[in-house]
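Morning, everyone. I have one structure to walk you through today. Please have a look at it on the screen.

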Number of protein chains: 2
Amino acid sequence: MKSTTTRDEIIESADQLFYKKGFEKTSFSDIANKVNISRGNFYHHFKSKDEILSAVIAYRLEKTEKMLETWQLKGKSPFERIQSFIHILIVNLSKIKLYGCPVGTLTTELNKLQHSSRGEATQIFSLFREWLKSQFNELGFKNHADNYAMHVLSRSQGIATLANTYHDEEFVHYEVKLLIHWLQNLKK
Amino acid sequence: MKSTTTRDEIIESADQLFYKKGFEKTSFSDIANKVNISRGNFYHHFKSKDEILSAVIAYRLEKTEKMLETWQLKGKSPFERIQSFIHILIVNLSKIKLYGCPVGTLTTELNKLQHSSRGEATQIFSLFREWLKSQFNELGFKNHADNYAMHVLSRSQGIATLANTYHDEEFVHYEVKLLIHWLQNLKK
DNA sequence: GTCTATATAATGATAGAC
DNA sequence: GTCTATCATTATATAGAC
């Protein structure tokens with residue numbers, strides 16, 4: 001029944017490869033090999049490499065939205081929910097150590113490439129930003145909600161970048177602790 | 001007399017292009033056009049693209065060392081010197097907004113490429129790290145000197161990444177202020 | 001929907017004249 | 001030291017058979 005299986009497989013494989021190797025370095029051959037189809041078959045599903053990128057970004061946007069919804073339901077307070085966000089640095093630590101943050105590294109790469117899809121990639125950031133902002137709003141920090149959201153995003157990005165640079169897990173644990181302390185002091 | 005002029009021009013042009021477009025995307029044609037030489041002439045000065053990368057990294061290491069020496073002499077206290085570091089986010093703001101941090105983005109890219117020179121790129125980070133560490137040491141934070149150095153690096157990286165993502169100057173000013181507050185509270 | 005060619009353009013790299 | 005010409009390889013992308 002499902003005729004979209006191959007298309008989905010392409011998206012998921014491209015998603016992983018773009019993360020691990022970068023968009024530019026990932027070739028059709030790389031993706032084709034991973035999915036086990038020929039390069040020619042490829043263009044039946046996507047007209048160009050840029051179309052795959054768009055599909056991958058859309059896929060990531062969907063996954064992010066679902067994750068935020070889960071955190072929204074699971075977290076009993078805005079405080080707990082923000083902690084869920086910070087905690088992905090620990091949950092995904094082994095991958096972050098190897099490849100950095102999937103959102104930050106893609107956005108940075110597309111920015112350098114002046115790629116037309118860089119705005120779409122930024123939207124992934126904005127999903128987190130708006131979600132965090134709404135948590136801080138709920139905590140009563142109405143004038144600084146966006147500033148605090150950006151602060152959490154910024155700290156997380158820095159942690160991911162240096163974790164990737166030095167492949168240092170201890171550093172991440174230390175910084176995550178600091179960031180949660182910052183959050184707790186904010187509550188006072 | 002100077003027979004290294006062309007070589008130096010190549011390095012400086014490559015340096016800028018690697019920063020603006022990324023290493024992978026920058027081609028020999030790009031560099032050759034900028035220097036106004038033919039692609040063939042190129043290989044008289046460098047055997048491969050990787051050799052240019054190595055030369056560019058060495059060039060950046062030199063420039064960084066000189067900058068750190070200047071800060072060391074100019075700053076009257078470790079506190080002032082650390083502020084010099086933080087302040088580059090403001091000094092280079094227009095470029096950071098467009099291309100991110102030259103150190104962080106190169107390191108991240110070379111990591112994804114699994115490039116053999118990624119260790120050399122990390123050394124640029126380590127220059128800053130060791131220098132900051134020595135400042136914190138001088139301030140008396142002997143047990144946490146490296147942690148604090150990494151913290152400053154981390155915060156700076158995050159700020160640069162989001163400044164690049166959102167092209168937001170106000171955000172950088174706000175975060176730099178926060179980081180300096182953090183530093184001042186540390187002194188107590 | 002999948003495959004095997006093949007077209008086309010760009011890249012890194014080399015050879016050899018001047 | 002600089003150039004032109006050329007090679008080999010790879011990449012995106014297309015055409016057409018099955």
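How many salt bridges does the rule find across the interface of chain A and chain B? The count is 0. Keep in mind that this is a predicted model. Polar contacts are another matter: 14 residue pairs make them across this interface, both residues at pLDDT 80 or more.

Which parts of chain A touch chain B? Five helices give two or more residues each: helix 1 (5-21), helix 7, helix 8 (118-138), helix 9 (145-166) and helix 10 (169-187). Helix 9 of chain A gives the most, with 15 residues. Sort that side of chain A by class, and you get 13 nonpolar, 17 polar and 8 charged residues.

Now the extent of the interface. On chain A, 38 residues are in contact with chain B, and on chain B, 38 residues are in contact with chain A. The area buried between the two chains is about 3,400 Å². Carbon and sulfur atoms give 57% of that area. Three residues of chain A stand out here: Lys112(A), Tyr166(A) and Tyr174(A). They supply 21% of the area that chain A buries against chain B, more than any other three residues.

Lys112(A) takes us to helix 7 of chain A, residues 102-112. Is this helix mostly covered or mostly open? Mostly covered: 10 of its 11 residues are buried. Lys112(A) is one of the buried ones, and so are Glu109(A) and Asn111(A), among others. After the helix comes Gln114(A), with a positive phi near 55°.

Next, the DNA. How many residues surround DNA strand D? There are 17, and the closest are Phe28(A), Tyr43(A), Lys49(A), Ser38(B) and Asn41(B). Sugar and phosphate make up 62% of the strand D atoms that come within 4 Å of the protein.

Look at some single contacts. Tyr43(A) has a polar side-chain atom 3.3 Å from a base nitrogen of strand D. On chain B, the partners are phosphate oxygens of strand D: a polar side-chain atom of His44(B) lies 3.4 Å from one, and a polar side-chain atom of His45(B) lies 3.1 Å from one.

Which elements give two or more residues to this surface? Helix 3 (39-45) of chain A does, together with helix 3 (39-45) of chain B. The largest share, 5 residues, comes from helix 3 of chain B. By class, the surface near strand D has 3 nonpolar, 11 polar and 3 charged residues.

Note on methods. Residues numbered from 1 in each chain as written. Chains lettered and ligands numbered in written order. Predicted model: local features only at pLDDT ≥ 70, side-chain atom pairs only at ≥ 80, totals over all residues. Heavy atoms only, no water. Buried < 20%, exposed > 50% of the residue type's maximum accessible area, 1.4 Å probe, protein only. Helix = DSSP H or I, 4+ residues; strand = E, 2+ residues; numbered from the N terminus. Near = heavy atom within 4 Å. Polar contact = N/O pair within 3.5 Å; in protein donor to acceptor, adjacent residues only side chain to side chain. Nonpolar A, V, L, I, M, F, W, Y, C, P; charged D, E, K, R; others polar. Contact = heavy atoms within 4.5 Å. Buried area = accessible area lost by both parts, 1.4 Å probe. Salt bridge = Lys/Arg side-chain N within 4 Å of Asp/Glu carboxyl O.
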